[in-house]
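Hi everyone, thanks for coming. Could you put the structure up on the screen, please, so that we can walk through it together?

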Amino acid sequence: MDLGSMGFLKALLVAVYALDPYFSHAETAPNYSFVHESTTAPPVSYHDYIVVGGGAAGCPLAATLSETANVLVLERGGSPYRNPGKTDKGNFLLTLLDPSPDSYAQIFITEDGVYNLRARVLGGGTVINAGFYSHTETEFIKVSGLDEALVNDAYQWVENKVVFKAPLLQWQTAVRDGLLEAGVLPYNGFTNEHINGTKIGSTIFDMNDHRHSAADLLEYADPKNIIVYLHATVTKILFTTQTVGSRPRAIGVIYEDAMGEKHTAYLTNDSKSEIIVSAGAIGSSQLLMLSGIGPRSQLEPLSIKVVIDQPMVGQGMADNTLNGVFIPSPNPVELSLLSTVGISLLVNYIEAGSGLNLAPSFGWISKFLLSILDQTTIGSFFDTRLNGGIILQKVARPLSTGHLELRSTDPNETPKVRFNYFQEPEDLRNCVQGMKTIINIVNSKAFSKFRYRTISTQQLLNVVAALPLNQRPRHFDTASSLEQFCNDTVMTFWHHHGGCQVGKVVDEDYKVIGVDGLRVIDASTFSFTPGTNPQATVMMLG
């Protein structure tokens, strides 16, 4: 199909979107009267609830609480609305790789040698992720002890603001049909449900490829009852004990503004007042430790006063692995991110994207890849736009787990994190199965229009093996053994979880065990990631 036909298709989609109420959300950025820079905060303030982290859980949580109480949200990053085009679909990779000090994504390297990211922006990971929206499996709801009717209501509450049907153009259609040829059955059509087979899901990108995020859910908030401070880094949770031997109670937090000035926010005297930590899998564990809740063996060497010796804080950290291939295309490809997904329950998920924008500095990669492919007749794969796409597999429920350790008492410094990728043999077997499915998709009849016949799947594996995608060593059989390929080229899906797990650090109501007035609500409480992509469930929980 030529570019003119693709333009017609896009125009047709625009018309369809305009008629479908599913696409009719407002696209203008909200102008919140209650969001301010933390430099304007008073030295001392009092609130019914203090939410640490304005991310995927924190924003909807704060909005809901503000209906009946006074809420303070402390977000360490800035606003996604100051440069809304920065987070549009085409700029997905540019945003992730932004090295500036105030970027939305803080890059760090795990102790396993894998590049990873932490969100630092109002809206959290929903501002920097690939946008795919899909519900969790029913098992997660049952294990978590959640009311199914309330869960469905909460999903709908989220979807009314930020969720859209994912478009299905040529690349995503080819991936869908390739999945079916590869045996990822049945075909379930469009659905947000988590069911075995191939399906089309939803997205938080609208018809103009503009991103919506959890920050948009603050539109539900009562502006009279909420205040959000940006660039507010919480350094410590404050505790008190009424009598010797009584349970500690959280009473407030100390936070720093962008100028390094300290502020203190206290809870009101109401016994229902609480601090709720929603700083993400890494940030929540880190803050509990900095505040004296964690393994004594880690806290005392850093001169942190131990409030509770809790050895499980920072334990059980897991990360869903990402492996896949880049595929140069002889035909034009649309801009797409994660519309189609192949679900093999408890094993892996297959997803894909195409046509993403890249910085001009990436131009060298094109020549590098073409030299590896031994091709001189095909066009550029990388220039300022990906002329082709990627097909990825994610290990669904990694059994391999690791831990988090503080490097220092500086809350801005990412702790040491080790996920122990593929330590458990079953994780490696699931990755190999996923890679075999990807190879079958690439070799499928449905996908043939997006493949150069002169480039074998082995050459595509050679390309990935040669790229500096992580800091792990390569081996002589990296590209020839799928087991070694998975180990050597592993990346992250940015779905890290654990560290404050239910039953170990928090109870079934997400209250921190052993203290009063403190909860944790985010992915740090998970023992496995819900659904193919967790953002829907994290927002639902909030």
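Let's begin with helix α2, residues 58-65, which lies across β3, β4 (71-74), β12 (226-230) and β16 and runs at about 170 degrees to β3. Before I go on, this is a predicted model, where local features need pLDDT of at least 70, side-chain atom pairs count only at pLDDT 80 or more, and totals for chains, interfaces and linings use all residues. Residues are numbered from 1 along each chain as its sequence is written, and side-chain values use heavy atoms, with hydrogens and water left out.

A few terms will help. Helices (H or I, at least four residues) and strands (E, at least two) are DSSP runs, numbered from the N terminus. For angles, axes are lines fitted to C-alpha atoms, for helices over the stretch in contact, and the values run from 0 to 180 degrees between N-to-C directions.

A second helix, α7 (residues 280-290), packs on the sheet as well, touching β3, β16 and β29, and its direction makes about 155 degrees with that of β29. Contact here means heavy atoms within 4.5 Å.

Is α2 enclosed or open? It is largely enclosed by the rest of the structure, because seven of its eight residues are buried. Buried means under 20% relative accessible area, exposed means over 50%, and partly exposed is in between (1.4 Å probe, protein chains only). The buried ones in α2 are Gly-58, Cys-59, Pro-60, Leu-61, Ala-62, Ala-63 and Leu-65. Their cover includes β3, β4, α5 (148-162), β12, β16 and α13 (535-541).

Now the sheet itself. Six strands make an open sheet in the order β1-β12-β4-β3-β16-β29, with parallel pairing. Two strands pair if DSSP finds at least two bridges between them. At the edges are β1 (35-37) and β29 (518-520), each pairing on one side only. From one strand to the next, the twist averages 20 degrees. Looking inside the sheet, β3 (residues 49-52) and β16 (residues 274-277) run parallel and are joined by four bridges. Tyr-49 has Glu-274 in β16 as its bridge partner.

Next, what do the records say? An unreviewed UniProt entry annotates a "binding site" that covers Glu-75, Arg-76, Val-121, Val-234, Trp-494, His-495, Pro-534 and Gln-535. UniProt positions are given in the numbering used here, feature names are shortened, and annotations may be inferred rather than shown by experiment.

Let's visit two of those residues. Glu-75 is found in the loop between β4 and α3 (92-96), and it is buried, with a relative accessible area of 5%. Leaving aside neighbours within four places in sequence, its contacts include Gly-53, Gly-54, Gly-55, Arg-120 and Val-121. Val-234 lies in strand β13 (residues 233-240) and is buried too, at 9% relative accessible area. Not counting residues up to four places away in sequence, Val-234 touches Val-52, Leu-74, Val-253, Ile-254, Tyr-255, Leu-287 and Pro-411.

The unreviewed entry also has the annotation "domain: Glucose-methanol-choline oxidoreductase N-terminal", covering residues 280-294. Over that stretch the chain is 73% helix and 13% strand, and the end C-alpha atoms are 16 Å apart.

Let me move to another strand, β20 (residues 321-328). How many of its residues are buried? Eight of eight, so to speak of its sides: Thr-321, Asn-323, Val-325 and Ile-327 are buried on one, and Leu-322, Gly-324, Phe-326 and Pro-328 on the other. In a regular strand the side chains alternate between the two faces of the sheet. β20 pairs in the antiparallel sense with β24 (residues 388-395) over seven bridges, and Phe-326 stands opposite Ile-390 there. β20 also pairs with β27 (residues 491-492), again antiparallel, over two bridges, with Leu-322 opposite Met-491.

Last stop, the rings. The whole structure holds 12 aromatic pairs. Rings of Phe, Tyr and Trp (its six-membered ring) pair if their centres lie within 6.5 Å; planes under 30 degrees apart count as stacked, over 60 as edge-to-face and the rest as tilted. One pair, Tyr-46 and Tyr-266, is stacked, at 5.6 Å centre to centre and 25 degrees between the planes. This pair links distant parts of the chain, with Tyr-46 in β2 (residues 44-47) and Tyr-266 in β15 (residues 262-267), 220 residues apart. Tyr-46 counts as exposed at 53% relative accessibility, while Tyr-266 is partly exposed at 27%.

That's my tour, thank you for listening!
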